[in-house]
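Subject: Structure handover

Hello,

Here is the structure for you to look over. My notes on it follow below.

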Amino acid sequence: MIAINYQRKELPSKLMKIGVLLLGLGFILALLGYAIDHERAAFNGVILLMFVMSVGLGSLFLIGLEYLVGADWSVPFRRIMEILAIVVFAVPVFSLPLFANLHSLFHWTHIEDVLKDPILKNKMPYLNEMFFSIRSTAAFVLMFLFWWLLAGRSFGQDYAPTGNFRKVTIRISALFMPIFAIVLTFMAVDWLMSLEPHWFSTIFGVYYFAGTFSVALAVITLFAIYLNENGYLGEGIGGDHYYNFGALLFAFTNFWAYIAFSQFLLIWYANLPEETFWYLHRWEGSWAVISVGIIIIHFIVPYAVLLPQPAKSDPKRLKFIAWWLVFAHFYDLYWLVMPTYSASGAVFGWMELYPVLIALGTILILFYTFAKNKNLLPIGDPKLPKGINFHL
Amino acid sequence: MSIEVLKEPSVIEGKPTFVEIDEQISSPIDKSPNIKYLIALGITSTMLLIGVISIGATFFYGIGLWGNNNPVGWAFDIINFVFWVGIGHAGTLISAILFLFRQKWRTGIARFAEGMTIFAVMTAALFPLIHVGRPWLAGYLFPYPNQHHLWVNFTSPLLWDVFAVSTYFTVSFVFWYIGLIPDFATLRDRAKSGVKKVIYSILSLGWRFSNRHWHNYEMIYLILAGFATPLVLSVHTIVSFDFAVSIMPGWHTTIFPPYFVAGAVFSGFAMVQNVLIIIRKIFNFEHIITLDTLEKMNKIMLATGSMVGYAYGMEFFIAWYSGSQFESFVFINRAFGPYAWAYWIMVSCNVVFPQLFWFKKIRRNIPIMFVIAVLVNVGMWFERFVIIVTSLAHDFMPSSWAYYKPTLVDFGILIGSSGLFFTLLLLFIKAMPVISIAEVKAVLDGAQPHHHTHNGGRNGK
Amino acid sequence: MENKIIYGVTGIFDTPDEIISAAKQVKSSGFERFDVHSPYPIHGMPKAMRLGASPLGYFALVFGLTGAFAAFALMTYLMGYDYPLIISGKPFIPIPAFIPVTFEVTVLLASVGTVLAMLFLLFKLPNNSHPLHDTDYMKKVSSNKFGVCIEAKDEKFNEAEVIEFLKSIGAKDIEVIYYDNEALNFKVNIFEWKFVAFLVVSALVVSGATYIVLNKLMFAPPFNWMMEQHRLDAQVESKFFGKGNFSMRVAPAGTVSRNSNQFKFSGQPELADAKLINPLIPTEENLRKGMKKYDIYCSPCHGYYGIGDARLNGQFPNPPSLHSEKVRNWGDGHIFYVITEGQNSMPSYSSQLTNEEKWAIVLYVRALQRAMNAKEEDVK
């Protein structure tokens with residue numbers, strides 16, 4: 001028997017206040033945006049949708065991964081992931097204004113043009129509003145279902161543990177993985193890749209996955225460190241756990257760069273006009289600066305900051321780089337989405353702030369609300385003491 | 001509050017002592033080869049001899065002895081190259097990546113896997129060498145200063161392969177050797193005969209087991225593991241670039257890099273698992289190379305096999321989505337054209353059979369897992385066959401289409417490459433410790449001091 | 001008995017907990033020159049011995065960055081400046097294509113360099129004549145025991161005190177280790193004749209073998225088989241066509257080239273002037289054709305209006321104006337003759353223009369001449 005020292009503390013209400021402030025401000029900007037220029041607001045809405053989907057689905061993936069590989073060190077943080085994953089319920093809400101603006105977003109909704117274009121006509125069985133809506137709806141339903149199966153069931157274990165919980169959840173995780181792969185890929189294809197419907201890339205789903213993993217892990221790291229530093233996670237969690245967060249963030253920064261570079265190099269090298277135009281759009285005018293910027297922001301800076309051994313377990317540096325990666329993911333989505341809206345150069349104004357404000361506000365509000373009256377450690381998990389006493 | 005802790009199985013079963021570890025691991029080296037070993041060596045040497053004759057004939061008479069034709073200019077030569085490089089990747093994954101993830105179960109198999117990597121890369125490196133028309137002039141392929149200002153084409157993926165594979169070989173060799181130094185020193189101190197003592201003294205460089213040295217040794221191990229990880233990913237990525245940077249339908253697709261890497265790990269683990277099952281039985285290493293280890297390897301095969309399956313699916317979907325006639329044709333042709341037999345072998349061996357590993361009973365059943373791993377290797381060989389041959393045989397212009405048939409010399413070289421690989425492996429088993437003595441001792445129960453502080457080692461809260 | 005020089009005193013421990021505690025006690029007693037030996041690295045020992053962080057990370061960083069820079073600089077120089085070639089339409093310095101090689105060389109140099117630095121600089125290995133080799137102590141710590149060795153070079157060293165101290169912290173099998181005098185007295189002589197002879201012989205063997213392989217063996221059968229091929233090279237006497245015939249045979253008399261415009265009046269401009277008549281009528285279509293061809297082929301030297309004020313002014317001698325009395329008085333055939341055969345600096349345009357196009361140009365030139373020499377009634 002190993003004793004663990006945990007006393008439940010309620011999260012401070014200022015978390016909710018900040019969340020409401022951010023969400024409120026963002027909501028006003030969004031309303032104004034849709035009123036003034038609904039096309040631009042809709043494009044920003046795509047960024048918002050895909051960011052929140054990354055955080056929610058990414059958290060579910062990390063939970064499933066933990067069960068499948070039998071990791072010990074992350075068990076204390078699993079409850080944070082389970083609470084964070086609740087944001088999948090906000091995803092359909094953010095998709096509603098987009099469904100109302102499909103014609104502004106997607107060229108393939110312009111049927112007369114599609115019928116004249118043999119390539120787009122060929123894609124019609126897939127790229128049509130009906131099937132598109134069905135796919136998204138199915139994805140949302142699956143997200144809810146797996147939230148319950150992977151995360152929701154775990155809360156009851158705190159006080160009434162069932163003997164075979166872990167075994168069953170491992171099986172659920174195994175089932176979840178292929179479904180996750182398909183849902184994530186097709187949501188990325190539908191909402192991001194089909195913005196330029198002539199373009200295609202088989203690695204696109206993997207690219208969105210790399211960003212999803214990074215940002216989900218970054219948000220979890222932020223919650224974990226802030227909560228731990230303020231005594232919400234009991235005693236025993238420290239540098240060795242942080243090291244694993246740092247190492248994984250470092251590894252997936254590398255992975256993102258690898259996938260992004262692979263996609264770019266192959267298209268650049270073969271030089272086929274039917275593929276290169278997508279990158280050429282992102283080299284037009286000031287987009288070139290943004291494109292060079294993404295290498296620096298999403299790869300070079302996190303790489304350099306996280307490279308030294310001690311940096312990976314230093315909470316200050318981890319918090320900094322986790323925030324950095326959150327904004328890097330917004331930047332990545334901006335670079336994916338906005339060139340379709342504004343081909344001649346990057347546009348950035350007050351409207352581009354609303355996805356950030358709404359996303360961060362929503363995460364804070366949902367986390368705070370859902371964490372009420374819940375333990376922040378999965379105290380019913382038999383692996384928890386080993387997780388807390390984890391040493392490298 | 002207090003919670004009952006789950007008991008986790010020991011990495012090494014049976015609680016052997018340090019001296020027993022020394023003896024068990026050194027025993028294949030100390031003992032003379034027995035008849036079973038000699039028969040095995042005889043078989044692999046025969047296979048190698050077949051390869052030597054086939055390659056000799058190729059050098060003498062030229063590449064015309066192979067089945068390569070127009071338009072299938074790449075066939076068995078490149079299929080075998082990619083196959084063997086892929087096999088090598090499991091070794092580095094086990095030693096480097098599992099080390100970075102602090103997976104102790106790698107200890108029993110890391111040394112062996114690293115050795116397999118080196119032998120697989122040596123075997124693979126043969127193929128680019130022999131598939132040029134005049135291999136004795138291969139030195140011209142290196143960027144040496146010359147009066148004509150002639151340089152290699154640094155933008156060609158074939159040259160990137162040269163750098164990638166030679167770097168991979170060098171770094172893997174160095175990683176393997178560094179791991180061997182303490183073991184050579186242990187063998188030096190156990191050696192009775194003068195010759196063996198001299199050899200092990202030289203090979204161990206005079207290692208003294210000093211903790212001042214161990215401190216830096218652990219750091220270099222971490223650094224090498226940290227470099228070997230992106231290196232191994234980069235090697236098969238660059239191999240995939242050989243195909244993906246072209247404009248050939250079926251080749252030019254952005255998912256090739258991670259798809260090839262996942263496939264390499266997949267086939268590599270299958271080969272490692274097969275060889276380990278044989279080794280643990282013959283040399284009584286079952287308590288070190290445990291069933292738990294084998295089960296974990298099967299799980300990794302399941303995961304990487306699923307990634308390969310995902311890639312197949314994405315290629316298929318995008319081939320339709322892209323609207324490119326040529327791309328769609330290639331995929332339909334793969335499944336229903338003249339090479340459909342190869343395609344369905346590939347799909348069943350890579351996607352269907354490994355799904356059996358979802359079931360714990362099968363994951364822990366040695367004969368069945370052995371067979372599945374053999375099928376995986378067959379399937380992965382056929383995957384490279386399907387990718388290379390079907391795309392080349394039926395590319396853009398129907399007037400250029402031609403069917404490819406391998407010749408006996410092609411098969412001879414394939415057999416020879418397996419012969420080389422297994423012969424080197426058998427020699428390795430008799431000459432060096434196939435399990436890392438020092439690492440195994442370090443993970444035995446009771447080998448490390450008990451922790452008296454929370455989170456010693458790194459900066460805490 | 002010779003006087004043996006003492007290296008240090010060693011003691012053996014049985015468990016990892018004991019060795020950690022022993023290390024701490026040795027360090028806190030003020031000893032600096034000591035070491036702990038174990039068959040595998042012990043967790044927490046660097047902290048117990050208060051060793052600093054390993055510097056190898058910095059080595060790796062420096063080697064890695066050097067490799068990256070060197071590879072990128074080499075490729076940039078070789079492909080961008082030394083012998084630039086256009087490959088696949090890419091720029092001479094295609095940065096994305098340089099990334100794979102740069103990455104590989106970075107990893108190679110960082111790994112190999114750090115390992116060599118560690119072995120040679122930090123560990124000072126290979127070294128097989130250290131006093132601890134071949135001792136019972138080494139045999140134990142390389143197998144199943146843990147040991148401490150306090151060196152005589154330490155300031156606080158006193159043989160009897162150290163032995164007492166080790167007994168007091170629980171060490172067993174305490175042994176005093178001496179230097180091997182033979183090893184100590186060994187002097188490295190870099191000009192040792194055996195070594196020099198070895199260098200000379202290997203230099204001769206290597207250079208000889210290289211010379212023979214590259215200059216003799218590569219030209220001997222079977223390696224030279226592709227050097228002699230059965231094709232006919234240029235400028236070589238042909239065995240097939242008989243003596244005196246070269247691979248490029250002389251055309252027999254009366255040979256006419258294909259698609260040739262056989263010009264009947266070659267060398268006879270006056271006859272061309274007299275005999276040739278423009279078959280084309282000055283319709284708008286023909287004049288437009290003529291204008292188009294004139295603008296392409298004639299205007300670079302003659303200018304757009306035939307005045308000779310061309311844009312090649314200075315690079316080629318300007319032709320005389322086409323509006324001179326002389327040219328205006330030429331027949332159409334004479335102009336056709338000049339286009340076909342050339343004259344003075346002007347080359348023949350037969351290879352670029354068909355006969356019909358030439359006649360269209362003649363029409364156009366006539367129109368230009370009329371335009372520059374217009375009479376009042378033309379305007380009506």
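**Chain A**

Chain A has 17 helices and one strand as its secondary structure. Please keep in mind that this is a predicted model.

The C-alpha trace of chain A spans about 70 × 40 × 40 Å along its principal axes. The radius of gyration of chain A is 21 Å, which agrees with the value near 21 Å for a compact globule of 392 residues. Of those 392 residues, 49% count as buried. Take the contacts in chain A with a separation of 6 or more: residues 24 or more positions apart account for 85% of them.

**Cores**

The largest nonpolar core has 313 residues. Those with the most contacts inside this core include Leu49(A), Val52(A), Leu84(A) and Val219(A). Ile220(A), Val337(A) and Val389(B) are also on that list. Which helix gives the most to this core? It is α2 of chain A, residues 38-69, with 18 residues.

Leu84(A) is a good place to start looking. Leaving out residues up to four places away in sequence, Leu84(A) touches Val55(A), Ser59(A), Val219(A), Ile220(A), Phe223(A) and Phe367(A). Two of these names, Val219(A) and Ile220(A), also appear among the residues with the most contacts in the core.

Another core lies apart from the largest one. This other core has 20 residues, among them Ala272(C), Ile339(C), Ile361(C) and Tyr364(C).

**Chain C: overall form**

Chain C has 14 helices and four strands. Its C-alpha atoms fill a box of roughly 135 × 65 × 35 Å along the principal axes. The radius of gyration of chain C is 47 Å, whereas a compact globule of 380 residues would have one near 21 Å. In chain C, 28% of the 380 residues count as buried. Of the contacts in chain C between residues at least 6 apart in sequence, 70% join residues at least 24 apart.

**Chain C: the sheet**

The four strands of the sheet follow the order β2-β3-β1-β4 in chain C. The sheet is open, and the pairing is antiparallel. Strands β2 and β4 (172-178) of chain C are the edges, each pairing on one side only. On average, neighbouring strands are turned by 20° against each other, direction ignored.

Strand β1 (residues 6-13) and strand β3 (residues 146-151) of chain C run antiparallel and are joined by six bridges. What stands opposite Val9(C) in β3(C)? The partner is Ile150(C).

Helix α6 of chain C, residues 159-168, lies across β1, β3 and β4 of chain C. This helix runs at about 10° to β1(C).

**Where chain C meets chain B**

In this contact, 65 residues of chain C meet 55 residues of chain B. On the chain C side, the elements that give two or more residues are α1 (16-28), β2 (34-37), α2 (45-48), α3 (56-82), α4 (95-122) and α5 (136-141). Helix α4(C) gives the largest share, 17 residues. By type, the chain C side divides into 43 nonpolar, 15 polar and seven charged residues. Edge strand β2 of the sheet is thus on the list of contributors as well.

**Backbone points to check**

Most peptide bonds are trans, and most residues other than glycine have a negative phi. Four places depart from that.

- The peptide bond from Asn70(B) to Pro71(B) is cis, with omega near 10°. Pro71(B) is in the loop between α2 (35-61) and α3 (76-100) of chain B.
- The peptide bond from Pro221(C) to Pro222(C) is also cis, with omega near -5°. Pro222(C) is in the loop between α8 (193-216) and α9 (269-275) of chain C.
- His149(B) has a positive phi, near 55°. This residue lies in the loop between α4 (107-130) and α5 (157-190) of chain B. Is His149(B) buried or exposed? His149(B) counts as exposed, because 9 C-beta neighbours lie inside 10 Å and the limit for exposed is 12 or fewer.
- Asp173(C) has a positive phi, near 50°. Asp173(C) is in strand β4 of chain C. Asp173(C) counts as partly exposed, because it has 13 C-beta neighbours inside 10 Å.

Best regards

Key:
Residues numbered from 1 in each chain as written. Chains lettered and ligands numbered in written order. Predicted model: local features only at pLDDT ≥ 70, side-chain atom pairs only at ≥ 80, totals over all residues. Contact = placed C-beta atoms within 7 Å. Nonpolar A, V, L, I, M, F, W, Y, C, P; charged D, E, K, R; others polar. Core = buried A, V, L, I, M, F, W, Y, C linked by C-beta atoms within 7 Å. Rg over C-alpha atoms; globule rule 2.2 N^0.38 Å. Pairing = 2+ DSSP bridges. Axes fitted to C-alpha atoms, helices over the stretch in contact; angles between N-to-C directions.
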